[in-house]
Amino acid sequence: MLVLIVNHHRRISSIGVGHNNSQHNSEIHNSSLSISNDQNKFAILNFDDGWKSHYQIVKPILDEYDFKSTFYIVCNYVEAEENEDGGKVDNKRMNWNEISKLKNDGMDIGSHTMNHEDLKGLSDSETEYEIGESK
């Protein structure tokens, strides 16, 4: 049995018309999502942080191949005007309607904390908030 695990943890920066018009789109379309009739091969696809490009670019490709995935959402990044991540400010995050659409279309939605904090440096109560409230 072969199990492939793909975890995409960054924003896809260029959005073209159709899903083969950018380097990232081709990368996702041609490499990560190879099709096989072998019933002993599985792929686990995860996408972190709630980037809008995951909704705009990745979801149509998943739909095309009838693949399902898990999208891990940072709650306080949703619908924010600006979000800080790794020192970069970005406002291209999914909104709750897009997240609901993912769920309604059979995608799994997972908790990725409230604020994307490094849990190792937090107190017990802060850790409880980050994990417990994000569900």
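**Entry 1: the loop before α4**

I started with histidine 116, which I found in the loop between β6 and α4; helices and strands here are DSSP runs numbered from the N terminus, helices being H or I over at least four residues and strands E over at least two. Its phi is near 60°, a positive value in a residue other than glycine. Is histidine 116 buried, partly exposed or exposed? I looked up its relative accessible area, which is 25%, so histidine 116 is partly exposed. For my own reference, buried means under 20% relative accessible area, exposed means over 50%, and partly exposed is in between, with a 1.4 Å probe and protein chains only.

Threonine 113 also lies in the loop between β6 (108-111) and α4. Its phi is positive too, near 75°, and threonine 113 is likewise not a glycine. I noted that threonine 113 counts as buried, at 11% relative accessibility.

**Entry 2: what I am looking at**

A note to myself: this is a predicted model, where local features need pLDDT of at least 70, side-chain atom pairs count only at pLDDT 80 or more, and totals for chains, interfaces and linings use all residues. Residues are numbered from 1 along each chain as its sequence is written, and side-chain values use heavy atoms, with hydrogens and water left out.

I then went through the whole protein and listed 4 helices and 6 strands. Along the sequence they follow the pattern β-α-β-α-β-β-β-α-β-α. The protein has 135 residues, and 36% of them count as buried. I also checked contacts (heavy atoms within 4.5 Å). Of those with a separation of 6 or more, 62% are between residues 24 or more positions apart.

**Entry 3: the core**

Which residues make up the largest nonpolar core? I wrote down 12 residues: Leu45, Phe47, Tyr55, Val58, Leu62, Phe71, Ile73, Val78, Met94, Ile99, Leu102 and Met107. Such a core is a set of buried Ala, Val, Leu, Ile, Met, Phe, Trp, Tyr and Cys residues joined through side-chain atoms within 4.5 Å. Two or more residues each come from β2 (41-48), α2 (52-64), β3 (70-73) and α3 (96-104). The largest share is that of α2, with 3 residues. In soluble globular proteins, nonpolar side chains tend to be buried together.

**Entry 4: helix α2**

Next I followed α2 itself. Its end C-alpha atoms are 18 Å apart, which agrees with the 18 Å that its 13 residues should span at 1.5 Å a residue; the expected span is 1.5 Å times one less than the number of residues. I found a bend of about 40° at valine 58, with proline 60 following within four residues. The bend is the angle between axes fitted to the seven residues ending at a residue and the seven starting there.

The buried residues of α2 include Lys52, Ser53, Lys59 and Ile61. Histidine 54 is in α2 as well, and I noted that histidine 54 is buried, with a relative accessible area of 0%. Its C-alpha atom is separated by 8.5 Å from that of methionine 94, 40 residues apart along the chain. After α2 comes aspartate 66, with a positive phi near 55°.

**Entry 5: rings**

How many aromatic pairs does a search of the whole structure find? I have 2 in my list. Rings of Phe, Tyr and Trp (its six-membered ring) pair if their centres lie within 6.5 Å; planes under 30 degrees apart count as stacked, over 60 as edge-to-face and the rest as tilted.

Phenylalanine 47 and phenylalanine 71 are stacked, at 5.4 Å centre to centre and 25° between the planes. Phenylalanine 47 lies in strand β2 and phenylalanine 71 in strand β3, so this pair ties together parts 24 residues apart in sequence. Both phenylalanine 47 and phenylalanine 71 are buried.

The rings of tyrosine 65 and phenylalanine 67 have centres 5.8 Å apart and planes at 35°, so I put this pair down as tilted. Tyrosine 65 is partly exposed at 26%, and phenylalanine 67 is partly exposed at 22%.

I also found the charged end of arginine 93 over the ring of tryptophan 51, 3.6 Å from its centre. The test for this asks for NZ of Lys or CZ of Arg within 6 Å of the ring centre and within 35 degrees of the ring normal.

**Entry 6: after α4**

Last, I looked up lysine 135, in the segment after α4 (124-132). Lysine 135 is exposed, with a relative accessible area of 81%. Its C-alpha lies 8.8 Å from that of cysteine 75, although the two are 60 residues apart in sequence.
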